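Biologist: I should like to learn how the empty spaces inside a protein are read. Where should a beginner start?

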Amino acid sequence: MKNTILGADGVRAMACLMVLGHHFLERLNGEAQTPLVQALYHFGLKGEAGVSMFFVLSGMLLSIPFWRNFAARGPLPDLREFARRRAVRILPGYYASLILSFGIGYLLWHPDQLVWERFFAGLTLTSGLHYLTYFPTEINGPLWSISFEVFCYLLMPLMMMLMFWQIPRRGLGVAYLYWLGALVLVLGLNQVLVEYFQPDGYRRGWEYGLLGGAKEWFPHYSLLGMFAHYIFGVFSAGLIVGLERSPALAERLKKLWFFDGVALLSLLGLTAVLWQVRLEPEFSHSWQAQPYFFPYATLPVMLLLAALPFSNLLGRLADNPFARYTAKVSFGIYIWHMLIIELYRDRLNLDFKWSGVDSLGEWLLICAALTAAIYAAAALSYRFIEEPALNWYQSRRRNGRLERQPNG
């Protein structure tokens, strides 16, 4: 079986740069710009949807071994191996960023809002269980998503285990229906959160700091809601495996450039959705008032990921050298970029705050310099934290100290 999925690096790089661009644009005073720049500014702010893309991409990549084994009527992949792989991949970098961010934030700003409770929740990967602990540190907000991602790591294999147990011989069609039912169930449970677990209005809003912002986010940002995004990636993996199991059909469609057409339309569709909502509030135009314009911005990503592996041209264009490198260090970019931005603001340029920079030229120069610093930090993180952990793990597997996963 193929170990890489054509186009996945390109989508990962796009998601990473969308999130980075969103956080940079937050520092520009959009109202001080020309009408054209204002339109692009508001469109770029919707790059926050890159977080949803990460969840869809993760759902696709991590569920595809399960789909392949299921389609081949093989055994359930080793869940212990799955858990080890995930832990080795994310925990070293995450803990390094969490601990350093906490220490710097504590020393510089002396926060007093549930400081140790939030940090402990971050250490135990449980910060997503309650809005008061959404943000484990004061200085590195994007770390909120790691707990949500870990929840998906836990829930997806458990639901796959039920699929292998209940419908082992009934084919991919029934499996697709199973996951459609899972999506309906997850959305139903999330609706209960939306209806009955709204926080009160006391000190609710970003003007009250991260805890007030978290209160504003909940229940829009919920573990169940983000798992719904993840399920779209599971659907994408199922479509890929279905096409892998029908090579004659896939080849005929490929000769017709069908997959390139679907990929292009998906990209255009995603762009159109984000452009259409560029002036809309964060939780508008979305089922259950979820973030990231679910599922209107989620469905194009699912189709894009399913089409690129079979494309003639767009998959290779997406996986260009720059995109491959960005994808390689994308986790480091994600976990370190806000720390670098905030340190620059606090130590060197107090104007680099929310809507703080009026000059577009100055903002572009600052962002270029910070981007270079962020890529450098991500490269160092990969070289000295993430890669050594991965190499250690692979060495132990080669030496037979860990059980091997079928089709691993």
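Modeller: Start with a definition: a cavity is a set of grid points where a 1.4 Å probe fits but cannot get out, and its lining residues have an atom within 4 Å of a point. The model shown here is predicted. In this model, the largest cavity is lined by Phe102, Gly105, Tyr106, Pro111, Val115, Arg118, Pro136, Thr137 and Glu138.

Biologist: What volume does the largest cavity have, and which element supplies the largest share of its lining?

Modeller: Its volume is about 50 Å³. Helix α4 supplies the largest share of the lining, three residues. By class, five lining residues are nonpolar, two are polar and two are charged.

Biologist: How many cavities of 30 Å³ or more does the structure hold?

Modeller: There are two. The second largest encloses about 30 Å³, and residues including Met18, Met53, Leu270 and Tyr292 line it. That lining has seven nonpolar residues, one polar residue and no charged residue.

Biologist: How does one read an open space, such as the second largest pocket?

Modeller: A pocket is an open set of points, whereas a probe in a cavity cannot get out. The second largest pocket has a volume of about 1,100 Å³. Of its 36 lining residues, His22, His23, Glu26, Trp206 and Trp354 are the closest to its centre. Helix α15 gives the most to this lining, with four residues.

Biologist: And how is a nonpolar core to be understood?

Modeller: In soluble globular proteins, nonpolar side chains tend to be buried together. Here the largest nonpolar core has 120 residues, and Met156, Trp179 and Phe352 have the most contacts inside it. Helix α9 gives the most to this core, with 14 residues.

Methods
Residues numbered from 1 in each chain as written. Predicted model: local features only at pLDDT ≥ 70, side-chain atom pairs only at ≥ 80, totals over all residues. Heavy atoms only, no water. 1 Å grid on protein atoms, 1.4 Å probe; cavity = no way out; pocket = protein on both sides within 12 Å on 5 of 7 lines; lining within 4 Å. Points joined across faces, edges and corners; volume = space filled by probe spheres on them. Helix = DSSP H or I, 4+ residues; strand = E, 2+ residues; numbered from the N terminus. Core = buried A, V, L, I, M, F, W, Y, C linked by side-chain atoms within 4.5 Å. Buried < 20%, exposed > 50% of the residue type's maximum accessible area, 1.4 Å probe, protein only. Nonpolar A, V, L, I, M, F, W, Y, C, P; charged D, E, K, R; others polar.
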